[in-house]
Amino acid sequence: MTGKADRVEDQLVAFLPNLRRFAISLCGSRDIADDLVQMACERALANEQHFERGTRFDAWMFRILHNLWIDDIRKRKTAGHQEDIDERHDIAGVSGEREMEARLTLTSVSQAIADLADEQREVLLLVCVEEFSYRETADILAIPIGTVMSRLARARRNLSLTTGISAAPARSDGIKRPE
Amino acid sequence: MTDFSDEILMRFADGELDAEMTAKVGQALESDDALVARLAVFIETRVQAHATLTPLLDEPVPFTLAASVQRMIEAKRAGERPEASSVIPFGSRTANRSWRQHWVLPIAASLAVAVGGLAGYLAADRTGREGGLLVAGINSPALRQALASVVSGAQVNLAGSEERFRVIGTFRNDAQDLCREFEVDSPDSSTVISVACHLNGDWQVNFAVVAPGDSSGYAPASSTEALDAYLAAIDAGAPMPAEEELRALDALR
């Protein structure tokens, strides 16, 4: 079946917000993210014949974008480009003045995510945010599934250490303990 | 009591264990608070990461990005290869018509003009080129009618002509004027990519790129670089969703 809805160009526009979120989370800069998204769309359209119908379009797009990002990092390293640390910390500064209060409570988590090593952040994004399986994540990033798991576990340990995420559930459970 | 590794607990939290192992962990959790606390780290980090990054999905895709992708898609659909194109910036106000016959400049050279000095220039020689430049004739009731009524993504034939008109997107500029990016295909198969904004009760064409097309219409991607620069310069907002666009167009009536 190659229904019209299966075609890359028919799915691309609706998928832009997700693609952009992935890109922003990867690189921490909206400008670079938008360039990445544009390049990814260009590449996807040019390589549509490589997209297997019936497979996950989102996984295919994330793989393309991730590859472009890896190329980009390599180029920057070669060019001696310094990453703008301040920009990276802006990952979840999404709503501007809007929802200031909500942001205050979440800032530490977004900060902690931004501070993760790149390879930990990307597995966290794909599994916990985009809800891919370990296998799908391994395919997108072209790494073994065992590596996905070890990076993911490390990412989550780091996240919980820097944000104190696990404290509440553990304590409340302890109170109920009949001892 | 079975001692489960962090990896097992993480896989439990992520739904990555088989049924048998899931049952084992589930059973152990009933009586092991320390295990619950260790598991909580994986569940909570997942929940928090998801919650923290979800708002990014609500962030509007920048107009320049959305429009650029839309054009790539259209170009692909039309099976068109990029060709050389010329940029013709002009303002809509009356000016010294004899000052210049017309502008046909390479994109790179004319960018600064296209972006910086629109109001001061006029594409005077409108009769010399058929088709595409007619779009400059904002006096055209058919064009005005189309700008006020055709929704993004739709295409119509302009009344009384053989020109095809379609809207790429609707947005607001830095002055909050309602603006529309649209394309007009002429019978001679050139395509004009244009931006018109609604100001003081009328539409004003502020920017146009003339791209020689083929019979399939649609402007080649190379002719849109100047447009992207222009949209960035006027701080074009995100393209409006369909409902908002309808409301905005209604409000003009």
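**Exercise 1. The contact between the chains**

How many residues does the contact take from chain B, and how many from chain A? Work out also which elements of chain B contribute, and of what classes the residues are.

*Solution.* The model is a predicted one, and in it the contact takes 34 residues from chain B and 42 residues from chain A. Turning to the side of chain B that touches chain A, the elements that give two or more residues are helix H1 (6-13), helix H3 (33-53), helix H4 (55-58) and helix H5 (63-77) of chain B. The largest share of that side is supplied by H3(B), with 14 residues. Sorted by class, the residues on this side of chain B comprise 18 nonpolar, six polar and 10 charged.

**Exercise 2. Val195(B) and its strand**

Determine whether Val195(B) is buried or exposed, and describe the strand in which Val195(B) lies.

*Solution.* Begin with the chain: chain B has nine helices and six strands, and 39% of its 253 residues count as buried. Next, place the residue, since Val195(B) belongs to strand S5 of chain B, which spans residues 190-199. Then apply the cut-off, under which a residue is buried if 20 or more other C-beta atoms lie within 10 Å of its own; Val195(B) has 24 such atoms within 10 Å and is therefore buried. The strand is mostly covered too, as eight of the 10 residues of S5(B) are buried. Leaving aside residues up to four places away in sequence, Val195(B) touches Cys179(B), Glu181(B), Asn206(B), Phe207(B) and Tyr230(B). Of Asn206(B) it can be added that it is 11 residues from Val195(B) along the chain, with 5.9 Å between the two C-alpha atoms.

Finally, consider the pairing of the strand: S5(B) runs antiparallel to strand S4 (residues 178-185) of chain B, and eight bridges join the two. Glu183(B), for example, has Ile193(B) in S5(B) as its bridge partner. S4(B) and S5(B) form a hairpin with four residues between them, and Ser189(B) in the turn has a positive phi of about 70°.

**Exercise 3. A helix pair in chain A**

Describe how helices H1 and H2 of chain A pack, giving the angle and the distance between their axes.

*Solution.* Helix H1 (residues 8-27) and helix H2 (residues 30-46) of chain A pack at an angle of about 145°, and their axes are 9 Å apart. The crossing of H1(A) and H2(A) is right-handed. Among the residues that make the contact are Leu12(A), Leu16(A) and Leu19(A) of H1(A), together with Ala33(A), Leu36(A) and Val37(A) of H2(A). Classified, the contact of H1(A) with H2(A) has 15 nonpolar, no polar and three charged residues.

Note on methods. Residues numbered from 1 in each chain as written. Chains lettered and ligands numbered in written order. Predicted model: local features only at pLDDT ≥ 70, side-chain atom pairs only at ≥ 80, totals over all residues. Buried ≥ 20, exposed ≤ 12 C-beta atoms within 10 Å, placed from the backbone. Contact = placed C-beta atoms within 7 Å. Pairing = 2+ DSSP bridges. Nonpolar A, V, L, I, M, F, W, Y, C, P; charged D, E, K, R; others polar. Axes fitted to C-alpha atoms, helices over the stretch in contact; angles between N-to-C directions. Left-handed = near helix turned anticlockwise from the far one by under 90°.
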